[in-house]
Amino acid sequence: ALPILNYNYPMPIAETASTLCESIFINHVIKSASKDEQIFILETDIQGAAQTLVDMYSRFLFEDKVFEMRKEGSLSSEEMQEIMVDAQKQTYGKLGSYHPYMWACKSHYYDADFNYYNFPYPFGMLLSKALYGIYLKDKDNFMPLYNKLLASTGTMDLSDVAKIAGIDLHDKNFWLSGVEVISNDIDKLISML
């Protein structure tokens, strides 16, 4: 047990734990599901991953641009809409329709304590997907390693916590390994259709 002062942990780790468990559970359930159920489960999981990676990226681009432009002064509703649509176009490409008022319905944009609030979600998801890849390679030794990683979250910074699992958060290939797990699920879904 850790002292009470070490019970707080970075938000991306909270997302990592829940998302890793989802990956383990989903892949376990798929083994005994019918083909139609497998397709539904995989498609739902892939849609969630895409929303986390793509939509959260558009929100990051929006917020980053707002911070940059706010240095010069206040922004009008029209300018906010323009920034939001531009961020969505950068991430989604040509959709035909966008949500110019996404900024208006997300309360964290109005609280200075929640700048870049969306960041932990893609961070945690990609970290958990990469950890899932480690789990698949060595299931027998994974849980003690993972328990040690989680127990350290209140006493170390994220970079040092990740090193427990042999992960370098500054290595682009590590992040791509998380994307690869999702890509493999997409390939699996395509082969089933």
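In the predicted model, helix α4 (residues 120-137) and helix α5 (residues 139-151) cross at roughly 140°, and their axes come within 7 Å of each other. On the α4 side the contact is formed by L131, I134, Y135, L136 and K137, and on the α5 side by K139, F142, Y146 and L149. By class, these residues comprise seven nonpolar and two charged, with no polar residue among them.

The two packed helices belong to a fold made up of seven helices and zero strands. Read from the N terminus, the order of elements is accordingly α-α-α-α-α-α-α. The C-alpha trace spans about 55 × 50 × 25 Å along its principal axes. Of the 193 residues in the protein, 39% are buried. Among contacts between residues at least 6 apart in sequence, 66% join residues that are at least 24 apart.

In soluble globular proteins, nonpolar side chains tend to be buried together. In the present model, the largest nonpolar core has 24 residues, and L127, L131, I167, L169 and F174 are those with the most contacts inside it. At least two residues of this core are supplied by each of α1 (11-32), α4, α5, α6 (158-164) and α7 (172-192). Helix α4 provides the largest share, eight residues. Apart from this core lies another, of ten residues, which include M80, I83, M102 and W103. The surroundings of F174 were examined individually: when neighbours within four places in sequence are left aside, F174 is in contact with L127, A130, I167, D168 and L169.

Internal space was considered next. One cavity of 30 Å³ or more was found, and the volume of the largest cavity is about 30 Å³. The lining of this cavity consists of I13, L127, L149, L158, V161, A162 and L169. All seven lining residues are nonpolar, with no polar and no charged residue present. The largest share of the lining, three residues, is contributed by α6. Two of the lining residues, L127 and L169, are also among those with the most contacts inside the largest nonpolar core. L149, a further residue of the cavity lining, takes part on the α5 side in the contact between α4 and α5.

The largest pocket encloses about 390 Å³ of space. Its lining comprises 22 residues, and those nearest the centre of the pocket are K129, Y132, G133, L136 and V181. Helices α1, α4 and α7 are the elements that give two or more residues to this lining. The largest share, eight residues, comes from α4. The lining of the pocket divides into ten nonpolar, five polar and seven charged residues. L136, one of the residues nearest the centre of the pocket, also belongs to the α4 side of the contact with α5. Helix α4 thus recurs in several parts of this description: it gives the largest share of the largest nonpolar core and the largest share of the lining of the largest pocket.

Several individual positions were also examined. S128 is found in helix α4 and counts as buried because its relative accessibility is 0%, below the 20% cut-off. Residues up to four places away in sequence not being counted, S128 touches T16, T19 and L20. T52 lies in helix α2 (residues 35-70) and is likewise classed as buried, because its relative accessible area of 14% is under 20%. With residues up to four places away in sequence again not counted, T52 touches Y121, P122 and M125.

Two further positions are partly exposed. Y116 is located in the loop between α3 (77-92) and α4, and its phi is near 55°, a positive value in a residue other than glycine. The relative accessibility of Y116 is 28%, so this residue counts as partly exposed, a class that lies between 20% and 50%. N184 has its place in helix α7, and its relative accessibility of 42% likewise makes this residue partly exposed. N184 and P144 are 40 residues apart in sequence, and their C-alpha atoms are 26 Å apart in space.

Key. Residues are numbered from 1 along each chain as its sequence is written. This is a predicted model: local features need pLDDT of at least 70, side-chain atom pairs count only at pLDDT 80 or more; totals for chains, interfaces and linings use all residues. Side-chain values use heavy atoms; hydrogens and water are left out. Axes are lines fitted to C-alpha atoms, for helices over the stretch in contact, and angles run from 0 to 180 degrees between N-to-C directions. Helices (H or I, at least four residues) and strands (E, at least two) are DSSP runs, numbered from the N terminus. Contact means heavy atoms within 4.5 Å. Ala, Val, Leu, Ile, Met, Phe, Trp, Tyr, Cys and Pro count as nonpolar, Asp, Glu, Lys and Arg as charged, and the others, Gly among them, as polar. A nonpolar core is a set of buried Ala, Val, Leu, Ile, Met, Phe, Trp, Tyr and Cys residues joined through side-chain atoms within 4.5 Å. Buried means under 20% relative accessible area, exposed over 50%, partly exposed in between (1.4 Å probe, protein chains only). On a 1 Å grid over the protein atoms alone, a cavity is a set of points where a 1.4 Å probe fits but cannot get out, and a pocket is an open set with protein on both sides within 12 Å along at least five of seven lines; lining residues have an atom within 4 Å of a point. Grid points are joined across faces, edges and corners, and a volume is the space filled by probe spheres set on the points.
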